[in-house]
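Hi everyone, thanks for coming. Let's walk through a structure together, and please have it up on your screens while I talk.

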Amino acid sequence: MKTVLITGATGDVGSHLRRELAARYKLRLSDKRPLENKSKGENFIRADISKMSDALKITRGVDAIVHLGGYSVEGPWEGILQANIIGCYNVFEAARRNGVKRIIFPTSNHAVGFYRRDQTIDHKVYPKPDGRYGVSKVFGEALGSLYADKYGMEMFMVRIGNVNPVPVDKRRLSIWFSPRDLAQLVSIGIDKPGIKFEIVYGISGNKRAWYDNSNAFRLGYKPQDDAETYAEEVLKKEKPGDPTAELYQGGIFVVAEEVPNPAAPRKKKRK
Ligand code: 15L
């Protein structure tokens, strides 16, 4: 059984993956935050990937890395710089030094969020990030490309839409990614032989998708879910949104200045 490191394991996507992949791999979980609901037998290492020493420690001796750790929404530059630029570099570089070849990097729909919703885009389009967070994901994709070409590492980039048990609004009907489809695509990233550098879209088989996900299908991905099942219910509840945001695939990220990260430690108010 392969040993797989999941960074950012306490987050939303990490928690779904922990559950879905537990029987398939020996998981090593890590995060900056403590793992509160640790089940018996789970192997957790608390680590801050903005420190190279921590990145070296957690990546030692694994067969593959699913690098979820980092800032997961639009936010202030300093946080994104530490977690998504320095942290991502540290994890990729630590993997190289420890001889770990395979990395699954969950990039984001926000790496291409400034494409319009009336466009269908594939894995070859030029990035169009919709904020600082999107830029940090493009950085991860570029670093993955460098490490694949220069060091022969195997990089599987998943531009994730929105992972949720059910789609939550109209925009997410296009980019919804069910937990079991997420697990299937990540497993392809871990197990498929011969990967060099691939970009795929992390979405279910959604009827309203604005991605041409043929690269994922070519690699064997067969989504089991389609957000359309929930469309009627979701659209009934939908309220009109910001008209500019509605034009673009990235939604409110294209207009947001700072969306606070609910996972970040709260600043104390000054008296
Ligand atoms: C993302 O990349 C975020 O990590 C997630 O929190 C959602 O905001 C998602 O995109 C989305 O666009 O719905």
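One bit of vocabulary before we start: buried means under 20% relative accessible area, exposed means over 50%, and partly exposed is in between. Also, keep in mind that this is a predicted model.

Okay, let's try those words on a residue. Is Glu 20 buried, partly exposed or exposed? Its relative accessibility is 25%, so Glu 20 counts as partly exposed. Glu 20 also has a partner: it makes a salt bridge with Arg 19, and the closest N and O atoms there are 3.1 Å apart. Why would such a pair form? Side chains of opposite charge can pair when their charged atoms come close.

How many salt bridges does a search of the whole structure find? The answer is 14. Let me show you a few others.

Go to helix 3, which covers residues 77–97. Arg 96 and Glu 93 are both in that helix, three residues apart, and that's about one turn. They form a salt bridge too, with 2.8 Å between the closest N and O atoms. Now look at how each of the two sits. Arg 96 has a relative accessible area of 32%, so we call it partly exposed. Glu 93 has a relative accessibility of 5%, so it counts as buried. And there's a third member here: Arg 97 joins Glu 93 and Arg 96 in a network of salt bridges.

One more pair, and then we'll follow one of its members somewhere else. Arg 172 and Asp 169 meet through their side chains in a salt bridge, at 2.7 Å from N to O. Arg 172 is partly exposed, because its relative accessible area is 21%.

So where does Arg 172 take us? To the ligand: Arg 172 is one of the residues around it, along with others including Ser 72, Asn 109, Tyr 133 and Phe 253. Which helix gives the largest share of that shell? Helix 5, residues 170–175, with three residues. If you sort the shell by class, you get four nonpolar, six polar and two charged residues.

Let's zoom in on some contacts. The side chain of Ser 108 has an N or O atom 2.7 Å from a ligand oxygen. For Arg 171, a polar side-chain atom lies 2.8 Å from an oxygen of the ligand. Arg 172 turns up again, with a side-chain N or O atom 2.8 Å from a ligand oxygen. How much of the ligand gets covered? On its own the ligand has 310 Å² of accessible area, and the protein covers 80% of that.

Ser 108 is a handy bridge to the strands, since strand 5 is residues 102–108. Are the residues of strand 5 buried or exposed? Seven of the seven are buried, so the strand is largely enclosed by the rest of the structure. Arg 102, Ile 104, Pro 106 and Ser 108 point one way, while Ile 103, Phe 105 and Thr 107 point the other way.

Next to that, have a look at strand 4, residues 64–67. Strand 4 pairs with strand 5 in the parallel sense, over three bridges, and Ile 65 stands opposite Ile 103. Strand 4 also runs parallel to strand 1, residues 3–7, with four bridges joining them. In that pairing, Ile 6 stands opposite Val 66. And both faces of strand 4 are covered: Ala 64 and Val 66 are buried on one side, Ile 65 and His 67 on the other.

Two last stops. Leu 21 is in helix 1, residues 12–21, and it is buried, since its relative accessible area is 0%. What does Leu 21 come up against? Its C-alpha atom is 6.6 Å from that of Ala 183, although the two are 162 residues apart along the chain.

Finally, Asn 215 sits in helix 7, residues 214–218. With 5% relative accessibility, Asn 215 counts as buried. A polar atom of its side chain lies 2.9 Å from the backbone oxygen of Ile 199. That's my tour, thanks for listening!

Note on methods:
Residues are numbered from 1 along each chain as its sequence is written. This is a predicted model: local features need pLDDT of at least 70, side-chain atom pairs count only at pLDDT 80 or more; totals for chains, interfaces and linings use all residues. Side-chain values use heavy atoms; hydrogens and water are left out. A salt bridge is a side-chain nitrogen of Lys or Arg within 4 Å of a carboxyl oxygen of Asp or Glu. Buried means under 20% relative accessible area, exposed over 50%, partly exposed in between (1.4 Å probe, protein chains only). Helices (H or I, at least four residues) and strands (E, at least two) are DSSP runs, numbered from the N terminus. A residue is near a molecule or strand if one of its heavy atoms lies within 4 Å of it. A polar contact is a pair of N or O atoms within 3.5 Å; within protein, one must be able to donate a hydrogen and the other to accept it, and residues adjacent in sequence count only if both atoms are side-chain atoms. Accessible areas come from the Shrake-Rupley method with a 1.4 Å probe; for residues, only the protein chains shown count as cover. Ala, Val, Leu, Ile, Met, Phe, Trp, Tyr, Cys and Pro count as nonpolar, Asp, Glu, Lys and Arg as charged, and the others, Gly among them, as polar. Two strands pair if DSSP finds at least two bridges between them.
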